[in-house]
Amino acid sequence: MPGVPLLYKLTAFAYKDYLSFGYVHVGLRGAEEMTRQYNVNVYAPTILIFKEHINKPADVIQARGMKKQVIDDFITQNKYLLAARLTSQKFFHELCPVKRSHRQRKYCVVLLTPEATKLSKPFEAFLSFALANTQDTVRFVHVYSNRQQEFANTLLPDSDMFQGKSAVSILERRTTGGRVVYKTLEAPWTGSESDKFTLLGYLDQLRRDPALLSSEAVLPDLTDELAPIFLLRWVYFASDYISDCWDSIFHNNWREMMPLLSLVFSALFILFGTVIVQAFSDSNDERESNPPDKEEAHEKARKTEPSFTKENSSKIPKKGFVEVTELTDVTYTSNLVRLRPGHMNVVLILSNSTKTSLLQKFALEVYTFTGSSCLHFSFLSLDKHREWLEYLLEFAQDAAPIPNQYDKHFMERDYTGYVLALNGHKKYFCLFKPQKAVEEEEAMGSCSDLDSSLHLGESRGKSSCGLGPRPIKGKLSKLSLWMERLLEGSLQRFYIPSWPELD
């Protein structure tokens, strides 16, 4: 479209301190060369992220209905360069976070290089090494040693062999106060193949033995290299604002300013008049007219009211409603595949005939759990996506056995009322089966010998052995207890290799 979408503008404003944003209208003349160079489909919105190399994008996302959550996750994953430069203590905290546990170790490979040699062979070799060894536990950064001299001198050994040359150091932050453990390569970094093999050997050894980082030091805070730029921008903005106000006051026509000035002075006169009247009013008579008993009663009532409201407000969830969205092919990626770590999506399985009743009961059962921001609630139509559900339940054979091709009740199996807690990041799910589902399946199997002439449509709603119809809402009667076990982490988890497509 010719105009920039508002969603993209908001994203650009939110990440303006980290990335630069651009926009291309594919309908303009000259855009064909760019779309052909980067193999872009012109019929769907596409976002390309470029890092150090502009001939090939570092990551691409393309979707017809692009959601805000999907864009935010995509930008967050590509927030920094492959070998970003440390320009302030804030970026150092973000790129090299403090170790929280043994499983969450984060190592930083720091290139200490003079500013004049950034585009030379040592930096290009370091960048190519970072591109070939991307890991979740290792971050590659570089620092200008002439701008951050105290930081560089702390990591470099006391020798003159690194004077005016590049060096590589591997470090791990232990505390927020600056204490780190590190190991610096003994020889200067020249970008040769031997240097790359040496660094690769240290990283492989670090996976098996974290004690490789034998040196310990307290790093000083990095100097904020961009602080003067921001200060000048603030000064320029303040000067422009003051000059605009000066011009609007002294260079505009006074006759046009009279209505505004009269309104301002009238408001000030009324305000000061009210304050003066209240200041000179005698309030002592009103205080003497109130008996002391009434004042004590008012004070007691004021003391008891906050405690009552606090007790009642603590029982109310954060939300006054349950937000339940439908899981479709449009929301499938944002609500499951790219779900943030630690978040789960609780999905209710229903059909068109049971949608209203099951959603009402589902909202009542999970309403007390809406205070958790890590839980999302959705529903899946069984009439549209039965194959996806049956494929998922194949990994839960013990809890929900799927019948073979010779089972006559295969197509009539009722999955309405099933609830799945899906963890999109770790690729596992927990299963809730409606109450008495196993007994009903066994009853249907025993009744098949007595009444084999029942059609598929007749056997869905009733049983031939006199079980009778059970209320639809009764299927979710024990869902709240299952939700408590889900939050405790005591439910059985069924892992899958990858999430299937939701056609």
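This passage describes a six-stranded sheet and the helices packed around it in a predicted model. Local features need pLDDT of at least 70, side-chain atom pairs count only at pLDDT 80 or more, and totals for chains, interfaces and linings use all residues. Side-chain values use heavy atoms, without hydrogens and water, and residues are numbered from 1 along each chain as its sequence is written.

The sheet is open, with strand order β9-β11-β10-β12-β13-β14 and mixed pairing. Helices (H or I, at least four residues) and strands (E, at least two) are DSSP runs, numbered from the N terminus. Two strands pair if DSSP finds at least two bridges between them. β9 (324–326) and β14 (494–495) form the edges. Each has a single partner strand, so one side of each lacks a neighbour in the sheet. β14 runs antiparallel to β13 (residues 428–432), joined by two bridges. Phe429 has Phe494 of β14 as its bridge partner.

Helix α14 (residues 386–393) packs on the sheet and touches β10 (344–350), β11 (375–381), β12 (419–423) and β13. Contact means heavy atoms within 4.5 Å. The direction of α14 makes about 75° with that of β12. Axes are lines fitted to C-alpha atoms, for helices over the stretch in contact; angles run from 0 to 180 degrees between N-to-C directions. α17 also packs on the sheet, touching β10, β11, β12 and β13. Its direction makes about 155° with that of β13.

The axes of α13 (residues 355–366) and α17 (residues 479–488) come within 8 Å and cross at roughly 45°. Phe362, Glu365 and Val366 of α13 meet Leu479, Ser480 and Met483 of α17 in this contact.
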